[in-house]
Amino acid sequence: MVLTGAEIVVRCLQEEKVEYLFGYPGGSVLFLYDELFKQDKVRHVLVRHEQAAVHAADGYARSTEKVGVALVTSGPGATNAVTGIATAYMDSIPIVIISGQVPTAAIGLDAFQEVDTVGITRPCVKHNFLVKDVRELAATLKKAFHIARTGRPGPVLVDIPKDVTAQRCEYEYPEKVSLRSYNPVVKGHSGQIRKAVQLLLEARRPMIYTGGGVVLSNAAEKLAKLGRLLGFPVTNTLMGLGGYPASDKQFVGMPGMHGTYEANMAMHYCDVLLAVGARFDDRVVGNAEHFMQEPRKIIHVDIDPSSISKRVKVDVPVVGDVGDVLDEMIACLEATRERPDAEHLALWWRQIEEWRRRDSLGYKNSDEIIKPQFVVQKLWEVTGGDAFVATDVGQHQMWSAQYYKFNKPRRWVTSGGLGTMGFGLPAAMGIQLAHPGSPVACITGEGSIQMCIQELSTCKQYRLPIKVLSLNNRYLGMVRQWQEIFHGNRYSESYMDSLPDFAKLAEAYGHVGLQVTKPGDVEGAIREAFKRKDDLVFLDFQIDPTENVYPMIQGGKGLNEMILSTEDL
Amino acid sequence: MRHVLSLLLENEAGALSRVSGLFSSRGYNIESLTVAPTEDASMSRMTIVTSGSDEVIEQITKQLNKLVDVVKVVDVSEAPHIERELMLVKVRALGAAREEMKRMSEIFRGRIIDVTDSSYVIELTGTQEKLDSFLGAIESELILETVRSGVCGVGRGDRVLKI
Ligand SMILES: Cc1ncc(C[n+]2csc(CCOP(=O)(O)OP(=O)(O)O)c2C)c(N)n1
């Protein structure tokens, strides 16, 4: 069958069962938009800024097991998308971005709306393509989806010059892709796995530390099973929250800069650390030198060999898909009667319970002024811990991670690696579209929300009943906190004057807006918001502007050097 | 430590910039980089001379392997191997220097491949050290320009980089 390039693109998207395409039109993609107009299988969502298109595709992908897809035009469309692409790249999220490009004959001539999109995005994509020949279009799109979703997932960009979308050729969607240069290892090396299991059985102070890899490979149930078999403490990184049920008694909270005292102490003092789909990020282990001074054996399971022994030297590397490797570990354990020494394990748990009793997430609530932690706790209560929660970046993000207890994976959607303010609302749009009828909350700050606030308009157009909870402290709170602690209270440019009345602003966009100023009104407001199943409700919580995120590890310090509250400073 | 990495990569537009971009964005050293198509036109072979601690070299190898266009990576300097570099040196060749240059070129097994009444172009192949010592052995004022190809490397004997 002979089709135009534009027809081919739309066919390929249909073949890939793409439900939603988040995009924004422009000159270079007009043929594509024309084809989208003629069909109704792939539904296009018109965002208000290309950054939001990519974040929405990203939120869609994180909350499902599918690849998110975005479509942008050449030049400014592509450059606007870059923040979104880098965000997805840092968190290994499978998305495909299709960008228009000026006609092939115009490339390199500084044509109107020409940028070197492949060059600009190269360092922040898993891979990218410039398709110069319509005959390669279908195969390239097939490769793009394949590369995005397999191995360590990530964004893949396909740049298509306008003339290619108009040219015709015979179309056939390839059934299979084979790339001689790309064959991610799935199955772990069984010798290494047996070695790892032996180490776990001999451990006296074991610890399981898991990251986004568990979520991405849909291995949460396997992790839970392994956890139960071993009876070891488990911690989930910011990216890994929900990978292990937070309400389980073996869960010790999140590790790292704003993690719990018990998680960090256990990470530091364990004698065998099983790291699964995590990458010893600087926000997790703090000072790597300091971390490595304490003797311990480390087993590291990851699909990406380059994540292993990158920051922290590892004793037993296991390269493979987290789910496959966990399965095999479980099988090894079930095949033996050996179990970790119960006595030592009990002693270790006693130590952990002692750390836990420090109650590092305790905070002083108030009757006068709303505490942000209290808002997140109430959200958790009201939603029964079952909402999808997207966040922006800053203090509110950390409080969300600390106080909303996730029992399931893919409920927690946050920009961990890049820390992109403006991510929350568009990500929530992608989530809500993927899960119509499910409660979706976007926890944000008055700084972050203004970086993509235009998307309130998209939410109206597509009737997305997201609940926006803005923890409004009138400050770029996380910046202010660092200035308070490290820069002698000099709040340089972290106070925002002339904030809009957010409730009215939400109303201007056609939504419901509510300002909440009293602690006593918090729960009622959240209940009311979730009762309004069809409305986007914007809750503007006027919170304590001086509240800081604790506990905390200062930059360059070790995991056993936490500050639990202002008094420790 | 100095290492010589050999890569096979897809002969795709942009493959070179992926490799060089990786080195610059992650702050790895490149002493030299050469690339040209192989007998299989769909693939190029690249030789990169780099330096770093064992950990850094391990990361470089892993990161290179991660690039979708990279088919294979080996550290040829890990075992017995051969390195060669080509150099063209244009030298002033007037009066007494004319004979002297010819003599030096012969000692280093070079060839004079271009002659004018005032200059020679000398072609020299060998290891980096050999080329360096040639440059050290002739009078530096007489050197008009030098062009070096960068190192090509290959494993000895049965060590073959092929898919
Ligand atoms: C796009 C972007 N610019 C700057 C930053 C640096 N930054 C990190 S947190 C933060 C403050 C965020 O303020 P707000 O959204 O009000 O949240 P709060 O910390 O007050 O909860 C800033 C500016 C960032 N993460 N992202």
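**Close-up views of a predicted two-chain model**

**View 1. B:Val151 is a buried loop residue of chain B.** B:Val151 counts as buried because its relative accessibility is 1%, and buried means under 20%. This structure is a predicted model. B:Val151 sits in a loop of chain B. Strand 8 (143-148) lies on one side of that loop in the sequence, and strand 9 (152-155) on the other. Which residues does B:Val151 contact, leaving aside its neighbours within four places in sequence? Two of them are B:Arg2 and B:Gln128. B:Ser32, B:Thr34, B:Thr47 and B:Val49 are also in contact with B:Val151. So are B:Glu83, B:Arg84 and B:Glu85. Now look at B:Met46. B:Val151 and B:Met46 are 105 residues apart along the chain. Their C-alpha atoms are separated by 9.8 Å.

**View 2. Chain B is built from four helices and nine strands.** Follow the chain from the N terminus. The elements run β-α-β-β-α-β-β-α-β-β-α-β-β. The C-alpha trace spans about 55 × 35 × 35 Å along the principal axes. Chain B has 163 residues, and 41% of them are buried. Next, take the contacts between residues at least 6 apart in sequence. In chain B, 72% of these join residues at least 24 apart.

**View 3. Chain B is assigned two domains.** Domain 1 of chain B covers residues 2-78, and domain 2 covers residues 82-152. How far apart do the C-alpha centres of these two domains lie? The answer is 29 Å. The domains also touch. Seven residues of domain 1 of chain B are in contact with six residues of domain 2 of chain B.

**View 4. The surface of chain B carries carbon and sulfur as well as other atoms.** Chain B exposes about 8500 Å². Carbon and sulfur atoms supply 52% of that area. Chain B also has 20 positive and 25 negative charges. The mean positions of these two sets are 2 Å apart.

**View 5. A:Ile449 is a buried loop residue of chain A.** A:Ile449 has 2% relative accessibility, so this residue counts as buried. Where in chain A is A:Ile449 placed? Its place is in the loop between strand 16 (440-444) and helix 19 (455-461). Set aside residues up to four places away in sequence. A:Ile449 then touches A:Asp392, A:Leu425 and A:Thr444. A:Val468, A:Phe502 and A:Phe538 are touched as well. A:Glu172 gives another reference point. A:Ile449 and A:Glu172 are 277 residues apart along the chain. Their C-alpha atoms are separated by 44 Å.

**View 6. Helix 16 of chain A is mostly covered.** This helix spans residues 372-382. How many of its 11 residues are buried? Eight are. The buried residues are A:Pro372, A:Gln373, A:Phe374, A:Val375, A:Val376, A:Lys378, A:Leu379 and A:Val382. They pack against two helices of chain A, helix 17 (395-403) and helix 22 (519-531). They also pack against strand 16, strand 17 (467-472) and strand 19 (537-542) of chain A. An α-helix has 3.6 residues a turn, so residues three or four places apart point the same way. Just after helix 16 of chain A comes A:Gly384, with a positive phi of about 60 degrees.

**View 7. Chain A is divided into three domains.** Domain 1 of chain A runs over residues 2-170. Domain 2 covers 190-356, and domain 3 covers 372-549. Compare domain 1 with domain 3. Their centres, taken over C-alpha atoms, are separated by 30 Å. Between them, 25 residues of domain 1 of chain A are in contact with 27 residues of domain 3 of chain A.

**View 8. Chain A as a whole has 22 helices and 19 strands.** Its C-alpha atoms fill a box of roughly 70 × 60 × 40 Å along the principal axes. The radius of gyration of chain A is 24 Å, which agrees with the value near 25 Å for a compact globule of 569 residues. Of those 569 residues, 60% are buried. Consider the contacts in chain A with a separation of 6 or more. Residues 24 or more positions apart account for 77% of them. Chain A exposes about 22300 Å², and carbon and sulfur atoms supply 49% of it. There are 62 positive and 67 negative side chains in chain A. The centres of the two sets lie 3 Å apart.

Technical notes. Residues are numbered from 1 along each chain as its sequence is written. Chains are lettered from A and ligands numbered from 1 in the order in which they are written. This is a predicted model: local features need pLDDT of at least 70, side-chain atom pairs count only at pLDDT 80 or more; totals for chains, interfaces and linings use all residues. Side-chain values use heavy atoms; hydrogens and water are left out. The radius of gyration is taken over C-alpha atoms; the globule rule is 2.2 Å times the number of residues to the power 0.38. Buried means under 20% relative accessible area, exposed over 50%, partly exposed in between (1.4 Å probe, protein chains only). Contact means heavy atoms within 4.5 Å. Accessible areas come from the Shrake-Rupley method with a 1.4 Å probe; for residues, only the protein chains shown count as cover. Lys and Arg count as positive and Asp and Glu as negative; His and the chain ends are not counted. The place of a charge is taken as NZ of Lys, CZ of Arg, CG of Asp or CD of Glu. Domain bounds come from an automatic or database domain assignment.
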